[in-house]
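Please open the model in your viewer and keep the selection tool at hand, because each stop of this tour begins with something to select. The model is predicted rather than determined by experiment.

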Amino acid sequence: MPPRDAPLVLGIETSCDDTACAIVAADGRVLASAVSSQLEAHRPFGGVVPEIASREHLRNWPAVSAEAFERAGVTLDDVGVVAATRGPGLIGALLVGLSVGRALSWARGLPFHAVHHLEGHLYSPFLSAHGLPADEVPPRFVGLVVSGGHTALYRVEDGEVETEGETRDDAMGEAFDKLGKRVGLPYPQGPVVDSLGELAEPQPRMPVPRCGETLDFSFSGLKTRAIQEVEKLERRGVPTDLGGVAGPEPSPGPELLPVLSLLAAFRRAAVRQVLDRLERMHRRGSFEVLAVSGGAAANRELRRALPEWAEEKGVDLRLVPLRYSGDNAAMIAWAALQRERRGRRDDPLAVTAASRIPL
Ligand code: KG4
Ligand code: ZN
């Protein structure tokens, strides 16, 4: 059981390019979740530069943590448990948040949790978007994580996680980013490819990668196929550069319709692949609860398709609230609470960061 009555959990997440700090109550209510993205710092390079990420975390942490405490209306004295991401991610970036967490926990004599980043995503669909207590995590559920670094299906039972399938190459978000980069979009390209995909009919139809009969995913072939289609358009003199149209309300001219159709077709095939694996998994052994999380769980087509599929199968779908789909620290604090309930804690002096670790 948690120490002191109803301690607050301080969550820290710095595994990639978001500096995040959250204060979460014992019932999973998120009192504050502050995230500072480093978009501007990385944008000139078209993707995340590890060395810059570490430095930005160091620079941003004081302001981000101050913001979280202020919004929650609490102080460090109210914190009873400290949690930080230990991996996977960029090693220098991870070290910043993990070191802060270890030091705080040790100096204040507070329990510490070194959380696996994917464990954070896995439980995030149970968080409330409205500042309410989190939903009770069911003892058994299937977790689908679709992010920029991972695309995988898990079976979770009493806190034990079995990997059922994962991507053999690119993650879903990563493939969106790479295709977007090819057509001139600024980083992060995934959300923009998604918005632009809303503006045209998907064409041509792209095949869904099969990966044999496994529950694995593959997005690299699909991405290459889409890039080949971009090249075909270019050879015909059709414009494909979307660099000028990105923005919150993109307004591309009609000459760009062919490339928009391509983005829509790529998105459709990517989403179909996800549904295909869910279908396969469900056929092998039905499940009651499906929890979907990760940055690419913000994808609009995916968010339209999943409820339909779940309803047809009678599956209780938990789609991560949009504010917790991308990397954040509330999910890290919430995952720590699951560990806390099972009596699993880490020694703040002994834990280390790791860029690759199994769940
Ligand atoms: O979970 P996340 O914030 O970081 C990782 O753990 O990877 O996911 C970020 C990824 C990026 O690749 C981003 O382009 C992608 O999620 N993403 C999307 C969308 N929004 C974010 N991909 C497709 N459609 C979206 N709407
Ligand atoms: Zn993530």
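Select Leu-199, which you will find in the loop between helix H6 (190-197) and helix H7 (220-235). Is this leucine, Leu-199, buried, partly exposed or exposed? Its relative accessibility is 41%, so Leu-199 counts as partly exposed. Now show what surrounds Leu-199: once its neighbours within four places in sequence are left aside, Leu-199 is in contact with Pro-250, Pro-252, Leu-257 and Leu-260. Of these partners, take Pro-252 and draw a distance between its C-alpha atom and that of Leu-199, which should come to 9.0 Å, although the two residues are 53 residues apart along the chain.

Next, select helix H8 (residues 257-284) together with helix H5 (residues 172-182), and look along the two axes, which lie 11 Å apart and pack at an angle of about 170°. An angle over 145 degrees counts as roughly antiparallel, and H5 and H8 are therefore roughly antiparallel to each other. To see where the helices meet, show the side chains of Met-172, Ala-175, Phe-176 and Leu-179 in H5, and then those of Leu-263, Phe-266, Arg-267, Ala-270 and Val-274 in H8, which they contact.

Stay with H8 and move to His-282, which is found in this helix. With a relative accessible area of 14%, His-282 is buried. If residues up to four places away in sequence are not counted, His-282 touches Phe-287, Trp-309, Lys-313 and Val-315.

The next stop is a sheet. In what order do the strands of the open sheet of five strands lie? The order is E3-E2-E1-E4-E5, and the pairing is mixed. At the edges are E3 and strand E5 (112-116), each of which pairs on one side only. As you follow the sheet across, the twist averages 15° from one strand to the next.

Select strand E2 (residues 18-24) and colour it on its own. Seven of its seven residues are buried, so E2 is largely enclosed by the rest of the structure. In a regular strand, side chains alternate between the two faces of the sheet. With side chains shown, you can follow Asp-18, Ala-20, Ala-22 and Val-24 pointing one way from E2, while Thr-19, Cys-21 and Ile-23 point the other way.

Add the partners of E2, beginning with strand E1 (residues 8-13), which pairs with E2 in the antiparallel sense over five bridges. A hairpin of four residues joins E1 to E2, and Leu-10 stands opposite Ile-23 in E2. Then add strand E3 (residues 30-37), which pairs with E2 in the antiparallel sense over seven bridges, with Cys-21 standing opposite Ala-34 in E3. The hairpin of E2 and E3 has five residues between the strands, and here you can pick out Gly-28, which takes a positive phi near 85°.

Now go across to strand E4 (residues 79-87), which runs parallel to E5 and is joined to E5 by five bridges. Ala-83 stands opposite His-113 in E5. E4 also pairs with E1, in the parallel sense and over five bridges, and here Leu-8 stands opposite Val-79 in E4. E4 is mostly covered, for eight of its nine residues are buried.

Turn on the helices that lie across this sheet. Helix H2 (residues 50-72) lies across E1, E2, E3 and E4, running at about 25° to E2, whereas helix H3 (residues 91-108) lies across E1, E4 and E5, running at about 155° to E4.

For the last stop, select the zinc ion (ligand 2). Which residues coordinate the zinc ion (ligand 2)? They are His-117 and His-121, each through NE2, and Asp-327 through OD, at 2.0 to 2.1 Å. Along the chain these donors follow the spacing H-x3-H-x205-D. The pair of His-117 and Asp-327 links distant parts of the chain, 210 residues apart, since His-117 is in helix H4 (residues 117-123) and Asp-327 is in the loop between strand E10 (316-319) and helix H10 (330-341). With a relative accessibility of 6%, His-117 counts as buried. Finally, look at the geometry: the angles among the four donor atoms are 95 to 139°, and the site of the zinc ion (ligand 2) is irregular.

Notes: Residues are numbered from 1 along each chain as its sequence is written. Chains are lettered from A and ligands numbered from 1 in the order in which they are written. This is a predicted model: local features need pLDDT of at least 70, side-chain atom pairs count only at pLDDT 80 or more; totals for chains, interfaces and linings use all residues. Side-chain values use heavy atoms; hydrogens and water are left out. Donors are N, O and S atoms within 2.8 Å of the metal (3.2 Å for Na, K and Ca); water is not among the atoms, so sites may look incomplete. Four donors count as tetrahedral if all angles lie between 85 and 135 degrees; four count as square planar and six as octahedral if opposite donors are over 155 degrees apart and all others between 65 and 115; anything else is irregular. Helices (H or I, at least four residues) and strands (E, at least two) are DSSP runs, numbered from the N terminus. Buried means under 20% relative accessible area, exposed over 50%, partly exposed in between (1.4 Å probe, protein chains only). Two strands pair if DSSP finds at least two bridges between them. Axes are lines fitted to C-alpha atoms, for helices over the stretch in contact, and angles run from 0 to 180 degrees between N-to-C directions. Angles under 35 degrees count as roughly parallel, over 145 as roughly antiparallel, 65 to 115 as roughly perpendicular and the rest as oblique. Contact means heavy atoms within 4.5 Å.
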